Every structure is written in structure tokens, then in C-alpha cells.
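Student: I would like to look closely at one part of this model, beginning at a single residue and following what surrounds it. Please take your time and keep the reasoning explicit.

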Amino acid sequence: GPYHALGVEMAKAYVAGGPAAGNPMMVPFDEKAEALHGDVSALSSAVDKFVDAQVAASANVLRNGTQTVEASQMFAVVPALIGLVAALLSFVMVSRIAALMRRLAAVTTKAASGDTSEGLPALDRDDEIGMLAKAVQTFRIKVEFADREREEHSIRANRDRSTAMTAMAEKVEGETGEAVGQVAGLVEQMS
């Protein structure tokens, strides 16, 4: 889905260029979240129109007298209940998705700064949110690997630098001792 592709691209950008490359991609990511919100709003609007149409149909039935009063009341109540349930379900879905997206964004931001201690939500989901969570998990693993590589490289460089400094000091000491010995030999010959 659209979230997975963008999440993978964003993770690659973070790995390749760090926060400077990955952070700008948060804007399209946020735009995708807004698009999802727009889709849910459209669904809610469609449900509202459906409810309005059902209420209007019920009103027509009452005006035309084609149904009994009890049937008309039932037709008015059922769409209202359906609309209420649909609106409630839409609100719950949007709230849950938005909370997961905020949590994934927070975990990604922490991972970009090197903190990979917090667990990722939604890894077990089979939808776009789950795919995004898996992409963030891959990103975190690569960040941890890069950190370990950097640390090992630093240790090797320090060890190599120390070895080179020791060898240089021994060489200078040896050459200095040799030069002092030659000067002493010349002084002795002169006396």
C-alpha cells in the first residue's frame, strides 16, 4: 500500500543520509496520513448522506400515508441508529490509526537519534500500518548495525593510531640514541 512504499523509501533515506535525508520525507508521510483522514471523512459524509436520504424517505412515507405510523417511526430510527453506529466506528478507526501513526513517528524519530529501546506497535498487523511498522523495524535494525559498525571502526582507528604513535616514539628514541652515541664517539675521538 501507499504507506509501506513511502515508509520503505523514508527508511532508506534515513539509512543513506541520516535525519537530514529522512526528516524531509515526514511531510509526504504526514500527507498520506491526512489522505487517510480525508478518506474516512468521505466515508462519514457518505454515511451522513445515506442517513439523510433514509430520513427523507421516511418523511415522504409519512407525508404520502403509504405506511403506518409505526413503520414510519421504525424507518426513521433505524437509519439514525445506523448513522450513529457508523459515525462512532469511523471515529474509533481514525483515532486508533492516528495514535499508531503518532507512535510510529515517535519511535522512528528516537531511532534516528540512536535510541532503539522502545518497542514498535503494529508489527503483527497485515495492513498498511503493519507494513509501515515493519519498514520502521528494518530501519531500526540498520541504524543499530550502522552504530555498531561506527563504534568498531572507531575502536580499530584508535588502536591503529596508538600502535603508530608507539612505533614512531620507539623510532625517534632509537634514532636519538644512535645520534647521541655518534656525537659521544666523535667527542671522544677529538679529546
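In which helix is the place of F50?

Tutor: F50 sits in helix α3, the element that covers residues 26-64. Before going further, please keep in mind that this is a predicted model, and that each value below is computed from its coordinates. The relative accessibility of F50 is 41%, and F50 counts as partly exposed because that value falls between the 20% below which a residue is called buried and the 50% above which it is called exposed. On the surface, F50 joins V78 and I82 in a nonpolar patch, and together these residues offer about 240 Å² of accessible area.

Helix α3 also holds F29, and this residue gives a useful contrast with F50. With a relative accessible area of 4%, F29 is buried, because the value is under the 20% limit. Once residues up to four places away in sequence are set aside, F29 touches L6, M10, M101 and L132. As for long distances, the C-alpha atoms of F29 and T163 are 48 Å apart in space, with their positions 134 residues apart in sequence.

F29 leads us into the interior, where the largest nonpolar core is made up of 23 residues, and M10, M26, F29, M101, L104, I129 and F139 are those with the most contacts inside it. Helices α1 (2-17), α3, α4 and α5 are the elements that give two or more residues to this core. The greatest contribution comes from α4, which supplies 7 residues. M10 and M101 therefore appear twice in this account, once as contacts of F29 and once among the residues with the most contacts inside the core, if one reads the lists side by side under the contact cut-off of 4.5 Å.

F139 is another of the residues named for the core, and its surroundings can be followed in the same way. Apart from neighbours within four places in sequence, F139 is in contact with A11, Y14, V15, T108, A111 and A112. Of these, Y14 deserves a separate word, and a search of the whole structure finds 1 aromatic pair. That pair consists of Y14 and F139, whose ring centres are 5.0 Å apart and whose planes meet at 55°; the pair is called tilted because this angle lies between the 30 degrees that bounds stacking and the 60 degrees beyond which a pair counts as edge-to-face. Since Y14 belongs to helix α1 and F139 to helix α5, the pair ties together parts separated by 125 residues in sequence. Both of these residues, Y14 and F139, are buried.

T108 meets this pair from helix α4. The relative accessibility of T108 is 5%, which places it among buried residues. Its contacts beyond the neighbours within four places in sequence are Y14, V136 and F139, and the contact between T108 and F139 was already part of the list for F139.

The charged side chains form a separate topic. With a side-chain nitrogen of Lys or Arg required to lie within 4 Å of a carboxyl oxygen of Asp or Glu, the count comes to 4 salt bridges. One of them pairs R103 with E118, with 3.2 Å between the closest N and O atoms. This pair links distant parts of the chain, 15 residues apart, with R103 in helix α4 (residues 69-112) and E118 in the loop between α4 and α5 (128-190). R103, at 38% relative accessible area, is partly exposed, and E118 is partly exposed as well, at 24%. K110 also forms a salt bridge with E118, where the closest N and O atoms are 2.8 Å apart, and K110 is partly exposed at 35%. In a further salt bridge, the side chains of D127 and R125 meet at 2.3 Å from N to O; D127 is partly exposed with 23%, and R125 is partly exposed with 25%. Through shared partners, R103, K110 and E118 are joined into one network of salt bridges.

A last residue comes from helix α5, which contains M168. M168 counts as partly exposed, at 46% relative accessibility. Between the C-alpha atoms of M168 and V94 the separation is 67 Å, for residues that are 74 places apart along the chain.

Methods:
Residues numbered from 1 in each chain as written. Predicted model: local features only at pLDDT ≥ 70, side-chain atom pairs only at ≥ 80, totals over all residues. Heavy atoms only, no water. Helix = DSSP H or I, 4+ residues; strand = E, 2+ residues; numbered from the N terminus. Buried < 20%, exposed > 50% of the residue type's maximum accessible area, 1.4 Å probe, protein only. Patch = residues over 30% accessible without salt bridge, like charges linked within 9 Å, V, L, I, M, F, W, Y side chains within 5 Å. Areas by Shrake-Rupley, 256 points an atom, 1.4 Å probe, with all protein chains shown as cover. Core = buried A, V, L, I, M, F, W, Y, C linked by side-chain atoms within 4.5 Å. Phe/Tyr/Trp six-rings, centres within 6.5 Å; stacked < 30°, edge-to-face > 60°.
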